[in-house]
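Please describe how the surface charge and the buried interior are arranged in the structure shown below. A short report with one table will do.

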Amino acid sequence: MDVKTDRQSEQEQAAAARAAERTEERQEKIALLRKPGGIAEADEPSRVATRIDRLGRYYPDVRPVSPAAIAAGDPEAMTAAGAILERIVLTNDLLGVGYLEGGVAAASAIGRVNIRNAQGRLVGYGTGSLVSPELLLTNHHVLPDAAAAGFSIIEFDYQDGIDGLPRPVRAFALDPDRFFAADRSLDFALVAVKATADELRPFGFNRLIGSEGKAIVGDFVTIVQHPGGGKKQVALRENRVVDVLENFLHYETDTEPGSSGSPVFNDQWEIVALHHASVPAAGRAEYGGFLNEGIRVSKLLKFLRAQAFTPAQQALLDRLSTRPERALPTAVANGGGGGASPVLTLSMPFDIRLRAEPAAGRIDPDYSNRAGYDPDFLPGHTVPLPGLSAELLPLAAINRQAPGEPRYVLPYHHFSVVMHRERRLAMFTAVNIDGRTSRSLRREADHWSLDPRVAVTEQIGEEIYRANPLDRGHLVRRLDPAWGATEAVAQLGNDDTFHFTNCSPQHKDFNQNKTTWAGLEDYVLNNADNFDLKVSVVTGPVLAADDDQYRGVQLPRQFWKVVAMVKKDGSLSATAYLLSQAELIEGLEAATEFDYGAYRTFQVPVHRIAELTGLSFGDLPAADPLAGLESTSVAQEIRTAADLTL
């Protein structure tokens, strides 16, 4: 029994209107998908580039492709993008075995919503998915308000086992008094389940990820559902994305449309949309069945971030960014009995890629859980992020997922970055380093990623580093944020340093030679008069107007650091350093070989860095040991640690 309500009919009518309005654009996209390599042309260049970058989190051989080159129709870029997408997306249904195992884990968290009225009478069904350890996601037209949710229940394991016999069903009431949020226009409802953590843990959950790049036109998607209130079924890659709207995805299928409230997954088992409506496509040339519509996950999360909740509710909402700590239950040959739901576990003598959880050395795809640089990190002192001058402020790239002000800060694990949108490089980075809990993590093969929170046209990608002696130079060193109570926490900081936003083109000899520059943080952390073994370091390039151009990018000639610590007497100390690679990159554009030369490290007054960069450093100039010296107008060259003034 799946009763169609007035609310559901309203959503279907709105979806039909959107589909009709986009007919011409959609047909053009579908025509491109039929063309060899056309998948790289069927969506916006920035979305194509972001999708390729995201696929690189799961396929180590995938390298970013410049969105500017795609937009310009550059043959090399289009060929590269088309080859990547056709190999990974257009696979003629040949997928790694890990796809099935990931699907088993994803499906475990999906249940049948029993819609009941105040008298306890069953009035319809829907589908819902656990998206955190406590919260269930479904449609607004399934659970329109807290009262309806309070009368209804969620059933897990309403399905057959691998032996064809029904599994034991586990049913739980919903708990809207604890948490309920919904929106009619986005047609979603998020509600707490009335159960203990131990009771829900066997089912796991499907985390919501707000980052862009989860699906583009041409991607296949999978819907796990309870169609018509029946047993759990899967529309396995039978849907293909044919249009991307501001708030919605459109995907075509020639099978039965999805059930209300079903999660829509990409091939990496990330939820890309919440299914809510289907439009019969009979008589339309481009379809043989249905046009489905789902609400984009990024828009649901954006809506939730803008709402006000009680502290207890906000704590539940914050757990949407939690990683599932799900161990797949052990399979049993006959499909199993009571207790934890049995699943088919595959054991193969080759690499199996599970779901959306990045392995060590891979960047966490959920950007909502980064706390960033902590200005109160040093004991007894506050060291805020540098301030931007009136000239710099409009040049700062905007974090499109920023939950608050200032919107130009990009938080990562233990550090933050502010980008210059025209130079496409960092204005500065700021990192907290804790020497007490730092960990020496082994360096995996480098894999750099674009940051989806910043427009791809406002960050430099792989294109500048090909076939030349330029290195991808870390601004925040790899091991600086690699600290924490556990190795897993340290690994998150380590991995985050491999964002192109934390990268500046540097001649390969810049980092390779043994220089005081490379060890400044280590020296201040471990050998100076440092209380509590903590330092905060702000680093960046000097973005000079006369920096030389190379491949459309101005290459910085100088880099700077400001290092702050608390001395054992409780006073704050701040020192500044400047390093130049001017002789290394001189004449790069005209030369077939790089010109090599020496470079030197200098200790300079903090106020000198402020003058060079246009940044303000608050109280740090007053805490500079060079501040009271008459020689502060002259930089002090650093050849050994003995030359440092701390």
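Glutamate 21 is found in helix H1, which covers residues 6-21, in what is a predicted model. Its relative accessibility is 64%, and because exposed means over 50%, glutamate 21 counts as exposed. Together with Glu24, Glu25 and Glu28, Glu21 forms a negative surface patch, although it is helix H2, spanning residues 23-33, that gives the most to the negative patch, with three residues.

Helix H2 also holds isoleucine 30, and here the relative accessibility is 6%, so that isoleucine 30 counts as buried, the limit for this being under 20%. The C-alpha atoms of isoleucine 30 and aspartate 243 are 8.9 Å apart in space, while the two residues are 213 residues apart in sequence.

The two residues whose accessibility is given above are set out here.

| Residue | Helix | Relative accessibility | Class |
|---|---|---|---|
| Glutamate 21 | H1 | 64% | exposed |
| Isoleucine 30 | H2 | 6% | buried |

Turning to the interior, the largest nonpolar core has 33 residues, of which Ile52, Ile70 and Leu85 touch the most other members. The elements that give two or more residues to this core include helix H3 (45-55), helix H4 (67-71) and helix H5 (75-88), and they also include strands, namely S8 (220-225), S9 (233-244), S10 (248-253) and S12 (271-280). Helix H5 gives the most to this core, with six residues.

How values were computed:
Residues numbered from 1 in each chain as written. Predicted model: local features only at pLDDT ≥ 70, side-chain atom pairs only at ≥ 80, totals over all residues. Heavy atoms only, no water. Patch = residues over 30% accessible without salt bridge, like charges linked within 9 Å, V, L, I, M, F, W, Y side chains within 5 Å. Areas by Shrake-Rupley, 256 points an atom, 1.4 Å probe, with all protein chains shown as cover. Salt bridge = Lys/Arg side-chain N within 4 Å of Asp/Glu carboxyl O. Lys, Arg positive; Asp, Glu negative; His and termini not counted. Charge placed at Lys NZ, Arg CZ, Asp CG, Glu CD. Helix = DSSP H or I, 4+ residues; strand = E, 2+ residues; numbered from the N terminus. Buried < 20%, exposed > 50% of the residue type's maximum accessible area, 1.4 Å probe, protein only. Core = buried A, V, L, I, M, F, W, Y, C linked by side-chain atoms within 4.5 Å.
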